Amino acid sequence: MANNYTVRIQGKNSDVTVAEDQSILDAALRANEWLPHSCTQGTCGTCKLKVLCGEVNHNESPEYTLTAEERADGLVLGCMATPRSDLTVEPLGGTGDDGVPHFPLRDYDATVVVLEDIAANTRRLVVELDTPMLFNAGQYAELIVPEHNVGRQYSMANPPTETRRLEFHVKLTPEGLATERWIFGPMQVGDRLSLRGPLGQFNLVKEQDEPAILIGGGTGLAPLKSIVQHALAERLVPELYLYHGGRRQDDLYDVEFFRGLAQEHEHFHYRPALSEEQWDGAMGMVTDVVLDDFSSCKGMSAYLCGPPPMVEAAVKALKRRRMAPRLIFREEFTVGAPNLAAVVQ
């Protein structure tokens, strides 16, 4: 039986019980004690903590995320580190007291109810949970790959009012443990699966005065679809612009869905763009299309999701148009371990 340790989170003055084989982040989120995090895979560094007292195992924390110097200074990755004693830790990214609702991390069981191809090497996976999950528009869940007990992350594409029926957009990764070997392989409607969530701090949940530009690459559209539906239903944003980038027309999906929303809501604008195929819509890299459409983005906000190069290009483009960096929110895809790779969000 694993030993349990007590971890005190500085700034919250709260104690969390953590098993010796459990990450500090996992235990804190399950106790509904919010800690900053994004990838939960050790690749982004968002969840760094300063250990003020006690000892930890770093486990497989990558050195490119947590350097030897940082370890010597007492820093750890909350998503990877497990306790070797009672601890006192201080979150480097603050304690998350930003007015955004936070929901405890939980384990869920679900049934596959929809599995369909929607674009080139892209599938829509819809699952029905046995029990409801509360989450913020923009967050993700971690699907547990059967027989391997490893998780792969996919953003919810449905609005948070749909707490039992979760929609995910999945891109095929060659030899991917979760994709080619499972979701694009033996998975069928009616199958049972396990997942955990909600996770992530990418969200749009509060009313804002700034118009918002949403830019998604590939299946980076998933959390933006959730955000769009929630923002429109709750009237959170005065003007909403959604850009979705692909190489060819068969990379785009849910086009008619968004065009229908644009007809229904005059303050919502949908702009798909293709970089490698001629068509009657916007042409070029999606970030260049945004640059062409806006002479200034001052006083606007942005929500970006997709591969890191696209996200970085979008950040540069928006800064060129004078958008305040503090109003640019991002979610970058990361990749699972070699030969077990699946695009995760």
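Start by selecting D26, and show L105 and R196 with it: D26 touches both of them, leaving aside residues up to four places away in sequence. Keep in mind as you click around that this is a predicted model.

Stay on D26 for a moment. The residue sits in helix α1, which covers residues 24–30. Is D26 buried or exposed? Its relative accessibility is 13%, so D26 counts as buried, the cut-off being under 20%. Now add Q22 to the selection: the side chains of D26 and Q22 share a polar contact of 2.8 Å. Then widen the view to D26, R30, D107, E142 and R196, which are tied together in a network of salt bridges.

That network is part of a bigger set, since the structure holds 23 salt bridges. Let's visit a few.

Select R124 and E116. Their side chains meet in a salt bridge, 2.7 Å from N to O. R124 is buried, at 11% relative accessibility, whereas E116 is partly exposed, at 33%.

Next, pick D130 and R192, a salt bridge whose closest N and O atoms are 2.6 Å apart. Where does each partner sit along the chain? D130 is in the loop between β9 (122–129) and β10 (140–145), while R192 is in strand β13, so to speak a distant part of the chain, 62 residues apart. Both partners are partly exposed: D130 has a relative accessible area of 38%, and R192 has 48%.

While you have strand β13 (residues 192–199) on screen, move along to P198, which lies in that strand. Check the peptide bond between G197 and P198: this one is cis, with omega at about -5 degrees.

Now for some backbone angles. Select N59, in the loop between β4 (56–57) and α2 (68–72). Phi here is near 55 degrees, a positive value in a residue other than glycine. N59 is partly exposed, at 47% relative accessibility.

Jump to D254, in the loop between β15 (240–246) and α5 (255–264). D254 isn't a glycine either, yet phi is positive, at about 60 degrees. With 14% relative accessibility, D254 counts as buried.

Last stop: helix α5, with E256 and R259 selected. The two form a salt bridge, and their closest N and O atoms are 3.2 Å apart. Why about one helical turn between them? Because E256 and R259 are three residues apart in helix α5. E256 is exposed, with a relative accessible area of 59%, and R259 is partly exposed, at 38%.

How values were computed: Residues numbered from 1 in each chain as written. Predicted model: local features only at pLDDT ≥ 70, side-chain atom pairs only at ≥ 80, totals over all residues. Heavy atoms only, no water. Helix = DSSP H or I, 4+ residues; strand = E, 2+ residues; numbered from the N terminus. Buried < 20%, exposed > 50% of the residue type's maximum accessible area, 1.4 Å probe, protein only. Polar contact = N/O pair within 3.5 Å; in protein donor to acceptor, adjacent residues only side chain to side chain. Contact = heavy atoms within 4.5 Å. Salt bridge = Lys/Arg side-chain N within 4 Å of Asp/Glu carboxyl O.
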